[in-house]
Amino acid sequence: MKYYVTTAIDYPNAAPHIGHSYEKIAADTVARYHRLRGDDTFFCMGVDENSQHVPRAADANGAGVIEWVDRMAGAFQGTWTALDVRPDRFIRTAIDPDHARASQELFRRAQAGGDIYKGTYTGYYCPNCNTFYEQGDLTDGKACPNHPTITPEYLEEENYFFALSRYTDRLLAILDNNPDFIMPRVWGAEIRALLQRGLRDFSVSRPVKSARVVDGKPWGIPVPGDPDHVLYVWFDALTNYATAAGLPDDPGRFAHWWPANAHVVGKDITRFHCVYWPAMLMAAGLEVPRQVAVHGFMTLEGQRISKTTGNIIDPVELVEEWGADAVRYYVLRDVAFDRDGDFVRANLAQRYVSDLANDLGNLLNRAVSMIGRYRDGIVPTVTAPEAPTDIDLRAVAEAAVSGTTEGLETWDFDGALDAAWSLVRRANQYVDENQPWKLARDPEAADRLSVVLGAVAEALRLLSTLLAPVMPTACARMRDQLGLEAATPGDWLTLSWGGFPVGTRVGTPVPLFPRKDLADSPAR
Ligand code: MSP
C-alpha cells in the first residue's frame, strides 16, 4: 500500500514557533507509523513563500527578499530536523521551478474546463491570512477576524475567479460518501454547514501592480498567458501537494502517489483544504485527497502564541534542553489533536520525569541490568504464560498493540500513547509483583526467573516499536540496549507476543532519559 501525507506549508514571515511544530510532529509520527507498517510512504512539507507579506517581513528585518526566504527556509528546516521531523520533500514555493509549473498547469486545466473566468473583485483583503472578507466578517466592521491588529484593505480589482459555486453539490457528495474525509469528524459538520449556506466564487489571481517586485519580477507565480496577474497565493500554496507528487513533470510518479492519503492542517485553514482544494482538483480532472486531518490550536502557558504577545518559544531550544523525543512525546500526549490545548513547560518537565525517566527508562534499565546480572546477558526465551500475572501481562500487551494502532489510525495520539503506557505501567507492576531479585537468590526459582525476565524483555521489545513513531531516537536506543536490530519497515505487522529472537544478548544499560534536577530547570 502507498501512503502520501502532507502538512500545511508555513508562511516564512517569522521563524517557526512551538505552535507550528505540533502539526509537523503529528504528521511525522504518522509517516513513521506507515513506514513501520511497510507502506510505501511519502511525506511532504514546505514553506509558503509567495504571500505578499513575506517580502514585507524581509523589509521589516532589513533583509533582501531572497536572502530572507533563504534564511527562513533554513530556520524552518533546521527546526524540523532538530525535532526529528524528516520529510521526503521540502517545497519552497517561490524557488522550486517544478512548483511554478504545477500551479500553472492546474490553473490551465481549470481554465480549459471553463471554471476560471475574469471578473471584478470588491472586498476586504487581509494580507496576513491572504483572505478576502466581506465587511460583516470583520471584527467591529474593521479588524481581520484572525489578526486583531490588522485592518484589511478595501479592494476593487480585476481578477480571475474560480467557479467554486458550481461545486457545492459535488463537495457535499464527498462528505456524504466518505465519513472519514474530514477527521476528527466534528470538523465535517462545520464544513457541511458552510456548504449548505452556499459558496461564492473566489479570486485566484492578484494584479501584478499590487505585487512586490523582486529582481525585476513580480513576487508570485505568473498567471499563464496573462503577464498582468500573479496567482492568488492560496491557489499556488494548495498546489504544492500535487507538485510534490509529480504534477506535471512526471505523470508516472503522479499516478503512483496521487491522491494524497492525508493532508494534516490546523483548524483555521479547513475551508481551504476541504472546500477550495477538492474543487480545484475536480476542476482539473484530478482525484480529491482521501482525508484532511484537522488539529486544534496550541496556546503557550494559556496565551495565544504570537509575536505581539512576545510568548514565542523556539522549539530548538526546547529540544536542546529536553531532547526531541521528550518534546514530541509531551505535545502528542498532552495536547489532544481534536481540540485546542495548552503547552505548559512545567508539564513537559513533569512528563519527562514521571513517564519517561521513571516509568519507561527504569523499566528498560531494570530489565537490561537484571538480564545482564542473572542470565549472563542472554534474554531468556519467552515461554507460555504460567501464572495469572503472566497471562495478564500478555493480555495487556496485546491490548496495547491494538490500542496504539487504533489511536495512530484515527489521529488520536494521546489515545495511542495511553494504550502504550498501560503496557509500560503493567510491566513495571509485573516486575514488582514477581521480584526477580528475590527469585535470583533461590536456586529452585531459576525457571521462574527466566519466565519473568523473558516476559519483561518481550514487553519492552513490543514497546520499542509501538513508541517508535513518536520517539524514534529513544526507541532505537531501547532496541540497541535490548540487543535487537533497528526497527525495519513491516515490523508493525509482526507485533505479536513471543517474537524476541532466541539467544539475543542485551547491551549495556544506559539511562534512556537521564535524570534532571528540576530545581535548576528554566522550565520551572
Ligand atoms: N501558509 C498557510 C498554509 C498553506 S497550506 C497549503 C498557513 N501558514 S501558517 O504559517 O499560518 O500556518 C501553518 C500551519 O501551522 C497551519 O496548519 C496552522 O493551523 C498551524 N499553526 C499555526 N499556529 C498554530 C498554533 N498555535 N497551534 C497549532 N497549529 C498552528 O496557514
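Helix H7 supplies the largest share of the shell around the ligand, five residues. The model is predicted.

## Ligand site

The shell around the ligand holds 24 residues; Ile-9, Glu-23, Asp-48, Asp-268 and Met-298 come nearest. By class, 12 of the shell residues are nonpolar, eight are polar and four are charged.

Polar atoms of the ligand meet both backbone and side-chain atoms. The table lists three such pairs.

| Ligand atom | Protein partner | Distance |
|---|---|---|
| Oxygen | Tyr-11, polar backbone atom | 3.1 Å |
| Nitrogen | Gly-19, polar backbone atom | 3.3 Å |
| Nitrogen | Asp-48, N or O atom of the side chain | 2.7 Å |

How much of the ligand does the protein bury? Taken alone, the ligand exposes 660 Å², and the protein buries 93% of that. Three elements give two or more residues to the shell: helix H1 (18-36), helix H7 (233-245) and strand E14 (262-266).

## Helix H7 and the loops after it

H7 deserves a closer look. Of its 13 residues, 13 are buried, so the helix is largely enclosed by the rest of the structure. H7 is not straight: it bends by about 35° at Thr-239. Just after H7 comes Gly-246, with a positive phi of about 115°.

Two cis peptide bonds follow. One joins Leu-247 and Pro-248, with omega about -10°. Pro-248 sits in the loop between H7 and helix H8 (251-257). The other joins Trp-258 and Pro-259, with omega about 0°. Pro-259 belongs to the loop between H8 and E14. Most residues other than glycine have a negative phi, and most peptide bonds are trans.

## Strand pairing

Strands of a sheet pair through backbone hydrogen bonds, either parallel or antiparallel. Both senses occur here.

The parallel case is strand E2 (residues 40-47) with strand E3, joined by four bridges. Val-47 has Arg-92 of E3 as its bridge partner. Strand E3 (residues 89-92) is covered on both faces. Arg-89 and Ile-91 are buried on one side, Phe-90 and Arg-92 on the other.

Strand E4 takes part in two antiparallel pairings. Strand E4 (residues 116-126) pairs with strand E6 (residues 153-162) over 10 bridges. There, Tyr-125 stands opposite Glu-153. E4 also pairs with strand E5 (residues 131-133), over three bridges. In that pairing, Cys-126 faces Thr-131. The hairpin of E4 and E5 has four residues between the strands, and one residue of the hairpin, Asn-130, takes a positive phi near 55°.

An open sheet of three strands runs in the order E9-E13-E12, with antiparallel pairing. Which strands stand at its edges? Strand E9 (205-207) and strand E12 (222-223) do; each has a single partner strand, so one side of each is left without a neighbour in the sheet. E12 pairs with strand E13 (residues 226-231) over two bridges. Pro-222 stands opposite Val-230 in E13.

## Helix H12

Helix H12 (residues 345-375) has a kink of about 35°, centred on Gly-361. Asp-376 follows H12 and has a positive phi, near 50°.

## The loops around H14

The loop between helix H13 (388-409) and helix H14 (413-434) contains Thr-410. Trp-411 is in the loop between H13 and H14 too. Is each residue buried or partly exposed? Thr-410 has a relative accessible area of 31%, so it is partly exposed. Trp-411 is at 3% relative accessibility, under the 20% cut-off, and therefore counts as buried.

Thr-410 has a side-chain contact: one of its polar atoms lies 2.8 Å from the backbone oxygen of Glu-406. Thr-410 and Ser-354 are 56 residues apart in sequence and 27 Å apart in space, C-alpha to C-alpha. Trp-411 has a positive phi of about 60°, although it is not a glycine.

Gln-435 lies in the loop between H14 and helix H15 (436-439). Gln-435 has a positive phi of about 40° and is not a glycine. With 25% relative accessibility, Gln-435 counts as partly exposed.

Conventions
Residues are numbered from 1 along each chain as its sequence is written. This is a predicted model: local features need pLDDT of at least 70, side-chain atom pairs count only at pLDDT 80 or more; totals for chains, interfaces and linings use all residues. Side-chain values use heavy atoms; hydrogens and water are left out. Two strands pair if DSSP finds at least two bridges between them. A residue is near a molecule or strand if one of its heavy atoms lies within 4 Å of it. A polar contact is a pair of N or O atoms within 3.5 Å; within protein, one must be able to donate a hydrogen and the other to accept it, and residues adjacent in sequence count only if both atoms are side-chain atoms. Accessible areas come from the Shrake-Rupley method with a 1.4 Å probe; for residues, only the protein chains shown count as cover. Ala, Val, Leu, Ile, Met, Phe, Trp, Tyr, Cys and Pro count as nonpolar, Asp, Glu, Lys and Arg as charged, and the others, Gly among them, as polar. Buried means under 20% relative accessible area, exposed over 50%, partly exposed in between (1.4 Å probe, protein chains only). The bend at a residue is the angle between axes fitted to the seven residues ending there and the seven starting there.
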